[in-house]
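Please take a moment with the sequence and the structure shown here before reading on. The report after them is meant for someone who has not met this structure before.

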Amino acid sequence: MTAYRVDLRSDTVTKPSEAMRHAMAAAEVGDDWYGDDPTVNRLQERAAEVTGMEAALYVPTGTMANQIGLRLHFRGSGHFVVAEADAHVTSTEVMTSAAFSGIAYKTIPGDVRGQMTAEQVARALEPDVLYDVEVVDLVAVENTHGHAGGTVTDLDVLRAICGVARGAGVPVHLDGARIFNASAASGVDVVEYGAEVDTLMFCVSKGLGAPIGSLVCGPSGAIREARRVKILFGGAWRQAGIMAAAGLIALEEGPKRLHEDHARARRLAEGVAEAVPGAIDPATVETNMVFVDTEGVGMGQVETIVRLREEGVGATPEAGKVRMVTHLDVSDEDVEFAIAAWRRVAAGR
Ligand SMILES: Cc1ncc(COP(=O)(O)O)c(C=O)c1O
């Protein structure tokens, strides 16, 4: 295990705050299989409120939240889910989708920001030429788009995609693992994104800072079925109120400070751009992710990451680049430390 001086591998690496630890220790709990955990129920009610959905369901991971969301709409193997080619569901979760639900994807290549257009979605929804029947059950959209650099889907674009899907009678699931980052960057309330889609999931365990958990949100009937699927997938996690207590704090406090992570990501990009000319255009940083091209350091992405690790900075490879993510455990000083590390790495020291 590596102890990083500044860990920028992901916004999932945050440690629970003192307030979270106290709330967890004092949490009122019950058996969540039976729907009896009052703290889980409070978190679910609050999640429904902030997304403008009728109901919500607390689950252990973002992957499970997506897989439940997909399963709710998917009619069966031999059918497709339409999604962007580098979306989390079509890449990291592609095996899980196949293994859990028999899902195959019809992928759409997004632009450099990982964004699909309504026209592309409309084409993907045309009846299958071979069978001459509708075989697309669902459209999945991701906001922010993680593998494309934490990019924000414009509300008008989302509206147009959902309009096309609705016109074809196809529901839309939103992977909003970082929807609060999207909201902080765009000024669009999460409720407005939620109003466009049939189901929406978000993670409290990422930028919001909780140690564990995600929420699937949607109409009451769908969330009732989602509870069944959660149990089916092995996600009935008993006294989960211990984690939900931290989730409640994350949901109240987290969204207020995401703009700080975004400003630090922008500063990090500016510093790296100075250290390694041409490695990144800071204007491409939309939220809390910074993707750096390593050509200018004369090393591949993995080698660069190893060098950064030696300097005490954690980063990950992504899309052929070095990815760094700011989060609530990253201070202004940490950002300057990381920039100084990049300078040394670029100078070959
Ligand atoms: C966009 C997106 N969706 C879903 C997930 C899955 O979340 P988890 O790691 O909690 O399973 C991630 C994880 O990084 C993600 O970035």
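What follows describes the surroundings of the ligand, then three pairs of packed helices, and finally two points in the backbone.

The model is a predicted one, and every value below is computed from it.

**The ligand and its surroundings**

The residues that surround the ligand are Thr61, Gly62, Thr63, Asn66, His88, Glu93, Glu142, Asp175, Ala177, Arg178, Met201 and Lys206. Three of the side chains have an N or O atom for which a distance to an oxygen atom of the ligand can be given, and the table sets out these pairs.

| Side chain (N or O atom) | Ligand atom | Distance |
|---|---|---|
| Thr63 | oxygen | 2.6 Å |
| Arg178 | oxygen | 2.9 Å |
| Lys206 | oxygen | 2.8 Å |

**Three pairs of helices**

Two packed helices are described by the angle between their axes and by the distance between those axes. The pairs below are taken in turn with that description in mind.

Helix H3, which covers residues 62-73, packs against helix H9, which covers residues 220-232, at an angle of about 120° and with the axes 9 Å apart. Angles that fall outside the ranges for roughly parallel, roughly antiparallel and roughly perpendicular, the last of these being 65 to 115 degrees, count as oblique, and H3 and H9 are therefore oblique to each other. Their crossing is right-handed. On the side of H3 the contact is formed by Ile68, Arg71 and Leu72, which meet Ala222, Glu225, Ala226, Val229, Lys230 and Leu232 in H9. Sorted by class, the contact of H3 with H9 comprises six nonpolar and three charged residues, with no polar ones.

Helix H7, made up of residues 179-186, and helix H10 have axes that come within 9 Å and cross at roughly 55°, and these two helices are therefore also oblique to each other. H7 passes H10 in a right-handed crossing. Phe180, Asn181, Ala184 and Ala185 are the residues of H7 that meet Leu251, Pro255, Leu258, His259 and His262 in H10. In the contact of H7 with H10 there are six nonpolar and three polar residues, and no charged residue takes part.

The axes of helix H11 (residues 301-310) and helix H12 (residues 332-346) come within 10 Å, and they cross at roughly 125°. H11 and H12 are therefore oblique to each other, and their crossing is right-handed. Thr304, Arg307 and Leu308 of H11 make this contact together with Ala341, Trp342, Arg344 and Val345 of H12. The residues in the contact of H11 with H12 divide into four nonpolar, one polar and two charged.

**Two points in the backbone**

Where does the cis peptide bond from Asn143 to Thr144 lie? This bond has an omega near 0°, and Thr144 is found in the loop that runs between strand E5 (136-142) and helix H6 (155-167).

The second point is Arg238, whose phi is near 55°, a positive value in a residue other than glycine. Arg238 is found in the loop between H9 and helix H10, the latter spanning 241-275. This loop thus links two helices already described, with H9 meeting H3 and H10 meeting H7.

Terms used: Residues are numbered from 1 along each chain as its sequence is written. This is a predicted model: local features need pLDDT of at least 70, side-chain atom pairs count only at pLDDT 80 or more; totals for chains, interfaces and linings use all residues. Side-chain values use heavy atoms; hydrogens and water are left out. Axes are lines fitted to C-alpha atoms, for helices over the stretch in contact, and angles run from 0 to 180 degrees between N-to-C directions. Helices (H or I, at least four residues) and strands (E, at least two) are DSSP runs, numbered from the N terminus. Angles under 35 degrees count as roughly parallel, over 145 as roughly antiparallel, 65 to 115 as roughly perpendicular and the rest as oblique. A crossing is left-handed if the near helix is turned anticlockwise from the far one by less than a right angle, and right-handed if clockwise. Contact means heavy atoms within 4.5 Å. Ala, Val, Leu, Ile, Met, Phe, Trp, Tyr, Cys and Pro count as nonpolar, Asp, Glu, Lys and Arg as charged, and the others, Gly among them, as polar. A residue is near a molecule or strand if one of its heavy atoms lies within 4 Å of it. A polar contact is a pair of N or O atoms within 3.5 Å; within protein, one must be able to donate a hydrogen and the other to accept it, and residues adjacent in sequence count only if both atoms are side-chain atoms.
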